[in-house]
Amino acid sequence: MRLTLARREALWAFVFLAIPLAFFLYFRILPTFQALWLSLYEWHADPSQRRFVGLEHYARLLTDPVLRRALFNTLLYTLLGIPSQIALGLVIALLLQRVPFGRDFFRAIYFAPYVTPAVAVAWVWSWMLSPHFGLVNELLALLGIPPQPFLQSPSQALPTVTWVVVWQNLGFQVVLFLAGLESIPRQYYEAARIDGAEGWRLFRHITWPLLNPVLVFSVVIGTIGYLQLFTQVVNLNFTDQGGPLNSTLTLALYIYQLAFLRFQLGYAATVTVLLFALILLITLVQLKLLTRRVEL
Amino acid sequence: MKRLLAFCAVLLPLALAQGVTITYWQYEFRSKVEAINELIRRFEAQNPGIKVVHQTFPYDAFQQKVAAAIPAGQGPDVVNLYYGWAPTWVKAGYLVPLPEDWTRRLDQDFVAMAQAAKVGGKLYGVPTAVRSLALFYNKDLFRQAGIAGPPKTWEEFIAVGQKLTVKQGGRFTQIGYGIAPDGQDHHLVREVLVRQFGGRPYSDDGKRVLYQGEAGLKALSFYTDWVRKHEIGVPGFFPGNNGYRDGFIAGRIAMIIDGSFAIGTIQQGARFNWGVAELPLERPGGRKANFGSFWMHGLTPLATGPKREAALRFLAFITSEETQRYWLEKVGELPASKNLIRDPKLSLHPIYGPFVLSLAYAKATPFVDEAAQRKVMVDAINRVLLQGTDPAQSLRLAAEEEQKILDQFWR
């Protein structure tokens, strides 16, 4: 059989794609199914001694108050973090776009936290937020506000951790929006101005709709990030991780504690399945709701 | 393919009958790593057929590595672990019991708390060194405040603590006591105060929580009053991992209660005169109590055949009295052998002394799920300190929660 050139090229493309595909299947997809399988067993280091427990772990999900707290916290992080991150990122990107010079300098400044290791960031912030020595409380004192406990208060800790994460992600968000803004053709604005549009209307009818692909990407990727939040939470309260009183505990951290501090890998796998389902569901809904065609 | 591998696995040790290689894992701690390296050199010289590979991991990644490596057949034959982790590890199949004669050796030669290395009546490890708690105090700050010596009773402790606490506006600049529920203080409440006040934290078989009684309530109320009523300290005064110890080293905290394992760090860091004292008592001549703990060396299911023999020999070597003596000099941890801690040179030592004397009455908490049980007590304290919950209610919640963990394990 003779192949056309196009078919031959496609065939080669498939051959080359097969290599990363095999890698992906083996290291990404297979473990996902293994977690599903593991969630039906009581963990034991020796595979022959793993006891089949059926849906027992899933029943435990329903009666586990710590899990409920972790789930609630995780969703709260996402609900607080994503809108703040997007709004601040967009405002800063729009301002940066107006800066006639030194834009790269500002961009580098905003981007720096993103590439700083999360552990170092957590360390520095835990000092800045200290009720007794922290810079933040000194600034508040200048405004006549009494010292706040921030990370040590069960009610303030979660918003505080969210703030640190938003601050750290902001640079990436700004860069994304800047790229999106740059890609909008100037002609649209010029045409709209000739028709008499200014300021807010330019933003509403041109910038905002044309930024939609960036927005969808940011929301989806950002949400997945918040749903998997781990490093900052662990390091901001190292000796009582997820504390005080589980007020900062996330699903990912709970999975880690169950699996590697309490060696309950079966139940940990069950929580992983829950997290997987949650991310899948939220991502699909977001893609459905946010993606839209823009017609000009 | 599988059969071929199994065949090789059987054949290989036979072919190398005189060349057994075993692996030892511990977490990364400089003086311990250096000590084990030296001990391996000595052991290999005495046992020419055996080679020991020593691997270390950062503390926070240690259990994770063990959890993943052993099921994959890649992990250690001999492993170092905190005694409180043993039940969790045993249940999940990461440790195998030691031979019968080892149980006799432990019962005869080791300090009483080493019994905590047994799970369900079987022995799963042996320690080289043990630790207890004591009061570290800043002698310079004491002298400046005109205080003669370390407090002997809790009443004195509070009075001294108040003198040494400096507050400006709503913020502390120096505190009398480095309060740390998630440091060593959850042990202090559970094992020290409850017993000093005439109670018992657990039943003798470790299966029932008993601290919800009168002594427990007195212990939790008394401890939380240090912050709420007497203001001799504030939680999280210094941020970060072990902030209470950092604050002491920085000279901002006058007293901390810490384990003997902290001696080295404080010795290296503190730029002032400091001392160690046995924990204060309820009243002069009152009941003494202390929390004892240890890291032990256990055998994993990977140590089979000739490797098991070699691993047991290595285990005997690193837990011998000779090693324990070396360990004290090199790492600064107290020996686990009854004989060695009777040595007056040790009990009269100005720094080791208070810890050694405490070992005689120290008890190790019978943890079955250390991470979860620690959290129960830390949360019990935090509910009172951070949320203003009534101590009685907080304690009741804690006891219920911990009883569930115990029941779950022993069912």
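How much area is buried between chain A and chain B, and what share of it do carbon and sulfur atoms give?

**Entry 1, ground rules.** I am reading a predicted model, in which local features need pLDDT of at least 70 and side-chain atom pairs count only at pLDDT 80 or more, while totals for chains, interfaces and linings use all residues. Residues are numbered from 1 along each chain as its sequence is written, chains are lettered from A in the order in which they are written, and side-chain values use heavy atoms, without hydrogens and water.

**Entry 2, the interface.** I looked up the buried area (accessible area, 1.4 Å probe, that two parts lose on being put together, summed over both) and found about 3200 Å², with 59% of it from carbon and sulfur atoms. On the chain A side, A:His132, A:Leu245 and A:Phe263 lose the most area to chain B, together 23% of what that side buries. Next I checked contacts (heavy atoms within 4.5 Å): 32 residues of chain A touch 39 residues of chain B.

**Entry 3, charged pairs.** I searched for salt bridges (a side-chain nitrogen of Lys or Arg within 4 Å of a carboxyl oxygen of Asp or Glu), and the rule finds 2 across this interface. One of the salt bridges I looked up joins the side chains of A:Arg262 and B:Asp369, at 2.8 Å from N to O.

**Entry 4, a helix in chain A.** I then turned to helix 1, residues 5–38 (helices are DSSP runs of H or I, at least four residues, numbered from the N terminus). Its 34 residues should span 50 Å at 1.5 Å a residue, and its end C-alpha atoms are 47 Å apart, so the two agree. The expected span is 1.5 Å times one less than the number of residues.

Technical notes:
Helices (H or I, at least four residues) and strands (E, at least two) are DSSP runs, numbered from the N terminus.
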